[in-house]
Amino acid sequence: MEWLIVVVIVLVVFVFISLTVKIVPQQRVSVVERLGKFHRLLTPGLNILIPVIDQIRITHDLRIQQANVPPQTVITKDNVQVQIDTIIFYQVIGPEQATYGISDYVYGVRNISTATMRQIIGKLELDETLSGREKISTEIRIALDEATEKWGVRIERVEVIDIKPPLDIQEAMDKQMKAERNKRAIVLEAEAAKQDMILRAEGDKQSKILKAEGDKEARIREAEGLRQAQELEALGEAKAIEAVAAAEKARIQMIREAGLDEQVLAYRSFEALTDVSKGAANKVFIPSNAIETLGSIGAIGEMFKATKDGKK
């Protein structure tokens with residue numbers, strides 16, 4: 001009997017300790033009620049309770065949780081049924097409000113999300129719905145924040161996982177997508193051909209421009225060479241004329257120094273006339289008033305010869 005008493009005492013002590021000492025894990029909070037009324041929160045670590053009087057109502061996980069909303073069939077503004085899957089990320093920030101503010105905050109979050117989604121999609125057409133996932137997620141999150149603020153729950157993020165239109169619309173969309181791809185391919189091919197033609201035309205244009213510039217440069221150089229040749233030729237002729245004029249000037253100067261200017265000229269004319277009259281068929285008619293002049297020219301010739309002989 002003694003061992004039975006010992007066992008009973010041990011069991012009583014164990015039950016007392018289990019009811020008195022509570023260990024709360026990290027990132028969890030327990031709500032304690034004393035005689036059915038909220039008393040305090042148990043924080044992570046070792047906590048002491050009064051057995052029978054203090055009881056733990058619920059333990060909340062303070063980490064970010066996720067709630068999958070069942071796929072919902074909603075109708076768009078243009079009367080198309082689409083199925084939408086969403087997922088909600090939330091966090092308990094007020095354990096007391098989450099315990100006493102609503103009976104099941106997860107269920108409430110799902111219901112509000114579904115109702116808000118129906119309102120949002122009902123204002124959008126199919127194309128806007130398919131391309132407006134971010135808009136839908138933002139509006140659902142705003143609606144949930146307004147409702148869960150009193151529940152001690154904060155909505156971290158709402159994600160639209162999938163939007164499925166009816167099968168016939170999906171097939172039509174696939175055909176439209178293929179047509180768009182073919183169209184883009186044709187446009188890209190035409191654009192490539194256009195660019196090729198532009199590049200070829202540009203190359204031909206540049207080639208013609210370069211050729212024209214080359215011909216122009218060649219003509220300019222040819223004209224420049226011709227001009228320089230003409231200038232050199234004219235310069236040579238000018239120098240030759242200048243040399244002849246200088247020689248003639250020197251000869252005349254020498255004649256003047258000899259004092260036989262007019263007489264020499266007359267004598268040269270006489271010699272030229274003599275040479276003309278030497279031919280067999282040549283006849284020279286001399287006017288009568290020129291006889292005296294010829295006599296004077298003969299005398300001048302004798303004087304000129306004498307002068308030459310004296311110089312020798």
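## Helix packing and strand pairing

Helices α3 and α5 are oblique to each other, because their angle falls outside the ranges that count as roughly parallel, antiparallel or perpendicular. The model described here is predicted.

**The helix pair.** Helix α3 comprises residues 105-121 and helix α5 residues 133-148; the two pack at an angle of about 135°, and their axes lie 9 Å apart. Their crossing is right-handed. On the α3 side, the contact is made by V109, I112, S113, T116, M117, I120 and I121. These residues meet I136, E139, I140, A143, L144, A147 and T148 of α5. By character, the residues of this contact divide into 10 nonpolar, 3 polar and 1 charged.

**The strands around β7.** Strand β7 spans residues 81-92 and is mostly covered, with 9 of its 12 residues buried. Strand β7 pairs with β6 and also with β8. The table sets out these two pairings.

| Strand pair | Residues of the partner strand | Direction | Bridges | One bridge pair |
|---|---|---|---|---|
| β6 and β7 | β6: residues 65-75 | antiparallel | 9 bridges | T73 and Q83 |
| β7 and β8 | β8: residues 153-164 | antiparallel | 10 bridges | D85 and D162 |

**The turn between β6 and β7.** What do β6 and β7 form, and how many residues stand between them? They form a hairpin, with 5 residues between the two strands. Within this turn, N79 has a positive phi of about 60°.

Terms used: Residues are numbered from 1 along each chain as its sequence is written. This is a predicted model: local features need pLDDT of at least 70, side-chain atom pairs count only at pLDDT 80 or more; totals for chains, interfaces and linings use all residues. Side-chain values use heavy atoms; hydrogens and water are left out. Buried means under 20% relative accessible area, exposed over 50%, partly exposed in between (1.4 Å probe, protein chains only). Helices (H or I, at least four residues) and strands (E, at least two) are DSSP runs, numbered from the N terminus. Two strands pair if DSSP finds at least two bridges between them. Axes are lines fitted to C-alpha atoms, for helices over the stretch in contact, and angles run from 0 to 180 degrees between N-to-C directions. Angles under 35 degrees count as roughly parallel, over 145 as roughly antiparallel, 65 to 115 as roughly perpendicular and the rest as oblique. A crossing is left-handed if the near helix is turned anticlockwise from the far one by less than a right angle, and right-handed if clockwise. Contact means heavy atoms within 4.5 Å. Ala, Val, Leu, Ile, Met, Phe, Trp, Tyr, Cys and Pro count as nonpolar, Asp, Glu, Lys and Arg as charged, and the others, Gly among them, as polar.
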